Amino acid sequence: SGGAITATATWSPPTNTGGTAITGYRVRALRMSSTGAVLSKTTSAVQPATARSLSMALPTTGNYKFTVQAINSVGPGPQSPRSNLVAGR
């Protein structure tokens with residue numbers, strides 16, 4: 001235990017962009033405790049608007065949930081609902 005893991009998040013574009021084109025996406029990996037508390041967050045660099053997945057190297061094994069946030073010229077949108085729990089092996 002304690003090693004790094006790589007996880008891949010995938011997403012679909014939002015259905016409502018507020019009328020302004022998406023310019024990129026930011027992905028967050030949330031390391032979760034057994035009780036559902038967020039222990040740490042890893043935030044990606046902004047990904048291109050054409051991106052639909054991102055592989056992230058995460059610092060420690062553990063249980064993670066992911067959120068994706070679309071960004072446009074107005075600014076960042078809301079974070080997506082959290083993904084299913086992903087267990088590092």
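Me: Which residues does Trp 11 touch, leaving out those up to four places away in sequence?
Reply: Tyr 25, Val 27, Ala 51, Arg 52, Ser 53, Leu 54 and Val 68. Keep in mind that this is a predicted model.

Me: And the largest nonpolar core, how many residues has it?
Reply: That core has 16 residues. Trp 11 is among those with the most contacts inside it, along with Val 27, Met 56, Leu 58 and Phe 66.

Me: Which elements give two or more residues to this core?
Reply: Four strands are listed: S1 (5-10), S2 (22-32), S5 (53-58) and S6 (63-72).

Me: Take S1. Which residues are on its covered face, and which on the uncovered one?
Reply: Ile 5, Ala 7 and Ala 9 make up the covered face. Thr 6, Thr 8 and Thr 10 make up the uncovered one.

Me: In what sense do S1 and S5 pair, and over how many bridges?
Reply: The pairing is antiparallel, over six bridges.

Me: What stands opposite Ala 7 in S5?
Reply: Met 56. Met 56 is also one of the core residues with the most contacts.

Me: New topic, pockets. How much space lies in the largest one?
Reply: About 300 Å³. Its lining has 19 residues.

Me: Which of those lie nearest the centre?
Reply: Pro 14, Asn 16, Ala 70, Gly 77 and Pro 78.

Me: Which elements give two or more residues to that lining?
Reply: S2, S6 and strand S7 (75-79). S2 and S6 also give two or more residues to the nonpolar core.

Me: What's the lining like by class?
Reply: There are 10 nonpolar and nine polar residues. No charged residue lines the pocket.

How values were computed: Residues are numbered from 1 along each chain as its sequence is written. This is a predicted model: local features need pLDDT of at least 70, side-chain atom pairs count only at pLDDT 80 or more; totals for chains, interfaces and linings use all residues. Side-chain values use heavy atoms; hydrogens and water are left out. A nonpolar core is a set of buried Ala, Val, Leu, Ile, Met, Phe, Trp, Tyr and Cys residues joined through side-chain atoms within 4.5 Å. Buried means under 20% relative accessible area, exposed over 50%, partly exposed in between (1.4 Å probe, protein chains only). Contact means heavy atoms within 4.5 Å. On a 1 Å grid over the protein atoms alone, a cavity is a set of points where a 1.4 Å probe fits but cannot get out, and a pocket is an open set with protein on both sides within 12 Å along at least five of seven lines; lining residues have an atom within 4 Å of a point. Grid points are joined across faces, edges and corners, and a volume is the space filled by probe spheres set on the points. Ala, Val, Leu, Ile, Met, Phe, Trp, Tyr, Cys and Pro count as nonpolar, Asp, Glu, Lys and Arg as charged, and the others, Gly among them, as polar. Two strands pair if DSSP finds at least two bridges between them.
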